[in-house]
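Me: I am new to this structure and would like to go through it in short questions. Please show it, and we can begin with one helix.

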Amino acid sequence: MKNKYNYSLISGICITGFIVLMTIIGNFWTPYDPNELNVTLKSTAPGMDHLMGTDNLGRDIFSRVMAGTGTTLYIALCTVFVGGFFGTIIGALTGYFGGWIDEIVMRINDIILSFPSILLALIFVSILGSGQFNIILSLGILFIPSFARIVRSEIIRLKNLDFIESAKVMGAGHLRIIFVHMMPNIVVSMLTTAAIGFNNAILAEASMSYLGIGVQPPDASLGRMISQSQAYLFNAPWFAIFPGIVIILTILGFNLMSEGLRRESM
Amino acid sequence: MEKELLEVKNLTVSFFDHQAPEKVLDQVSFVVNHGEIVGIVGESGSGKSMTSLSIMGLLSSHASISSGEILWEGTDLLSLKPEELRKLKGNEMSMIFQEPMTSLNPVIKIGSQVGEVLKIHTTMPGEMIKSKVLEALREVGLRDVNTLYDQYPHQLSGGMRQRVMIAMAMLNETKLLIADEPTTALDVTVQSQILDLLKKVHQQRQTSILFISHDLNVIKEICQKVIVMYEGKIVEAGEVMQVFNSPKHAYTRRLMTSLPKVTKEIITKTPILYIKDLNIFYTESNGRIGSKRHKKHIVKDLSLEVYEGEILGIVGESGSGKSTLAKTVVGLHSDYSGEIKIIKEKPSMVFQDPYSSLNPAKKVGWILEEPLKNGGIKDKSERRRLVEEMLSKVGLEFSLRNRYPRELSGGQRQRISIGCALINHNRFIIADEAVSALDVTIQSQILNLLVRLHSEYELTMMFISHDLNIVRSLCHRVIVMYEGEIVEELDGKPKHAYTQMLFDSMLH
Amino acid sequence: MKYMIKKILILIMTLLVISILTFVAFSILPGDAAMTKLGIQATPEKVEVMREELGLNKPVIIRYMDWLKGAIKGDFGGSYQYSNTSVASLISERMSATLLLAVISFVFIFISSIPLGLISAKYSGKWLDTVISQLMQITMAIPSFFLGIILTYIFGLVLKWFQPGRFISPAEDFVAAVKYLILPALAVALPKIAMVVKFLRNSILIETGKDYVRTAYSKGNNENSVLYRHVLKNALIPVITFAGMIIAEILAGSIVVEQVFSIPGLGRLLIMAISSRDYPVVQAMVTYITLIVIIVNFMVDMLYQLVDPRVKTV
């Protein structure tokens, strides 16, 4: 029973679009300076002046949310690029050529993948120190195995298909076969994996910021806002709720979009 | 007792996807009497499988019966409640399918699966069920039934699994056995064994069989009456010999068309490929570090010469090594010892499966241009011209160059594969089961194309197939392979025992 | 047998390799242990003495071997942050809380995802499935810590059924500890439940489209017998491998959730150790976590071999 409209895709695009729009605008303009303290206004409830209220130091939550989301999205995007780029190369080469290098790399991959990423990220960060760059580095490296695994299994699947053998007979070289013949067939799986990785990165970054091991102040970060808000939960719940909802919407939007895309390609 | 067991009356079934409903069966009507073997023959899209699924109530949720009746001993099955219909399934009417591997549950033991029909339909105690199952397994010619009882499907061969399916289908008092392409996925020699088994079942139990196949020879072998279907409709029906010998409908006539024959004269005997003492190995790796790698000896001490301008047929079943031989000659496989001397040019290849031989992500035009690009032709318009030329040579319109493979039929795709093999002015082609995956009428089209191209461009061809009929009529010389060795070069009557067995299984 | 032994050997090697890697990584770092102990005011001479005491001047390999020798006996050295406290004691104090939390989370996941997955697949396409799937979709998007906070808000502050911050150790009062841990376990479990339900549903639907299901129907089975007698076992097989991953995720989830609910468990210990650069603790925690992950994977692998007859074991 197929619906006429791809509801997942549509709602996904709407939600994600809204979040992305908010972030882009936030880059150039926010209602208030996210870091501006205004002690007299501390912990005011959401209203016309401050759409999402203010936090315990009188900062406008909406502005901070706009800035914080930007940080989160940026980190997630970079993670996906780093992991995707290296993961593709590793996965494609090991899958195509096989051999003992493939076995070793896959073994390492499996080990990394059997650990929950947050754990490894924490350890990385404890070694390298916190800060945006290190987080991107850690999460990016941790994303490589999942990407490599997917790309590798697709390459292996394609390797034995007749059209690839045919290409070999007709004289195409290895690199040409991998990148010109095989890649276009893998794009969909890669995008799906990228979407999953994107979401995991958002969750990881938010969790790490919550734990205090993420981006450092005074940069706004959704996770840390929620962490700071806990003490004021009873009096000023909006302090915690809005950043949380934004995180949920971001992840949800992306999930819906990637599911919608998958349905389209079937 | 009424003579009629099953009467299908004006059955119309439509298929619903997201687009408009499509009729897959249109006013289908026929009768199966008690103790009769009726065949339904047709190609893909004819509706023959749909008919059998409708009778058994196994249609998917996408398909629905718009009108008609299915009378079982007088009662309309379509008017029955699901519970009532279920009492018949696996009991008085049962079905066996084409792929015995996937048709059996991989995680349940054989004995348990087979016995399930008794469990569902009778109140027999477990011990009695087990003994009945063992007996049935013996009846269908299986040995070591006690061990078999506790085994899993993947531990059995294809032929054994199909026997298990038959045992399972006949365990109760089955009046009608529907067999949907039961031998298509099996080797030729196993095929005839299964057909013999079905004949035995029919004789002993007087069970009616509705036998569905695309293979005319099989239908001729086992059926008394035959129904010919085309695009959801019955185009002809009657006694088998009558329909086969004097077909009335144009389509039936097309089905019965004889295969193309080649004039058997070759002028020169210039070798274009010289193989001596070839041994080909295949290493299976287990995927684990340090595990033992099995080295299989696929082709043993093979010597062969291919002469310019001939069509050389290589016939054998799966496991004979014919495909591995082809792949090695063409350069796809390098683990071999012995001599392969290519005298004029390297051969190009046409593969079996039209659905995987073209890159699904690329347009037809791009696919045809690839060999040209690799051959060094840098001028785009020159390539375009060659592609246009080739498309017409293989009988396709130029507009197809902008389509994706998934938009084309199996026959069209094979034409493109042939085009790719010839576009660089190659004169030596290896066709590895190039028509085996196609419908019968399309098969003869493609074979005719190959014959035409062969004479027009003075090609040399190695034609590999398991189908002895095609090979004998198409090829100048025929070589028979069995378990990696050349068993005989066919010259009139078969001399070797294996070739004789192939002949006997060929059924005509 | 040979297969199992080989596997175990590989696992032990993995454990060793990881512990070596982390050890070496920590020793390269700036941020001297001696300085941490003595404080920033310490004079360079005092730092040198402390370094000698702590054995920080020995080559890395020797230091690792010393550590390894101790580790095998269960002695992971002394904490940098809490002087006079052994790492081992810190860990054993907090283990029970985390363990209990993990077990309760796992129970939640197990008892709810299988029925939900089954129902969702059985009524696939109908409103019940749509409702369940949408709910799962949303739940998956909620980070555990935020879920914890919302639960605290609703059940703690609004309904007042729950008092945040009042954790009682299971040694003192087992029942009260379990009661306290219900909400945290929910925070950990709910997103995982969503994942498993989705996975199981897909697995069942995939199996339902296979040929052997058609055969089962042709034998006269009704929908329920096909689902329970034929499909379920096949569908659960891939879920087993997924389950291994879930257990690892529960560990990760508890790290964050312990922070939310102020539970004195291993997760909180790890965070504190990381922020204060208490490397012996981090090193020991890494070793433990690796051990757990390895054991879980091993068990999942064995279970898989047992359940799927197509997989060949020795």
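Me: Which residues are exposed on the other side of α8(B)?
Reply: This is a predicted model. The buried residues of α8(B) include V188(B), I194(B) and L198(B). On the other side of this helix, the exposed residues are Q203(B) and Q204(B).

Me: Within what arc do the buried residues of α8(B) fall, seen down its axis?
Reply: The buried residues are V188(B), Q191(B), I194(B), L195(B), L198(B) and V201(B). An α-helix has 3.6 residues a turn, so residues three or four places apart point the same way. The buried residues of α8(B) line one face of the helix, because they fall within an arc of 125°.

Me: What span should helix α8 of chain B have?
Reply: The helix has 18 residues, 188–205, and each counts for 1.5 Å. Its end C-alpha atoms are 26 Å apart, which agrees with the expected span of 26 Å.

Me: Which residue with a positive phi follows α8(B)?
Reply: The buried residues of α8(B) are covered by elements of chain B including α7 (158–169), β7 (176–180) and β8 (208–213). After the helix comes a residue with phi near 55°. That residue is Q206(B).

Me: Which residues touch the most other members of the largest nonpolar core?
Reply: The core has 285 residues. Its largest share, 17 residues, comes from helix α10 (residues 223–260) of chain C. Leaving aside neighbours within four places in sequence, one of the core's members is in contact with V114(B), A136(B), L137(B), E139(B) and V140(B), namely A167(B). The residues asked for are A167(B) and F463(B).

Terms used: Residues numbered from 1 in each chain as written. Chains lettered and ligands numbered in written order. Predicted model: local features only at pLDDT ≥ 70, side-chain atom pairs only at ≥ 80, totals over all residues. Core = buried A, V, L, I, M, F, W, Y, C linked by C-beta atoms within 7 Å. Buried ≥ 20, exposed ≤ 12 C-beta atoms within 10 Å, placed from the backbone. Helix = DSSP H or I, 4+ residues; strand = E, 2+ residues; numbered from the N terminus. Contact = placed C-beta atoms within 7 Å. Expected span 1.5 Å × (residues − 1). Arc of directions from axis to C-beta.
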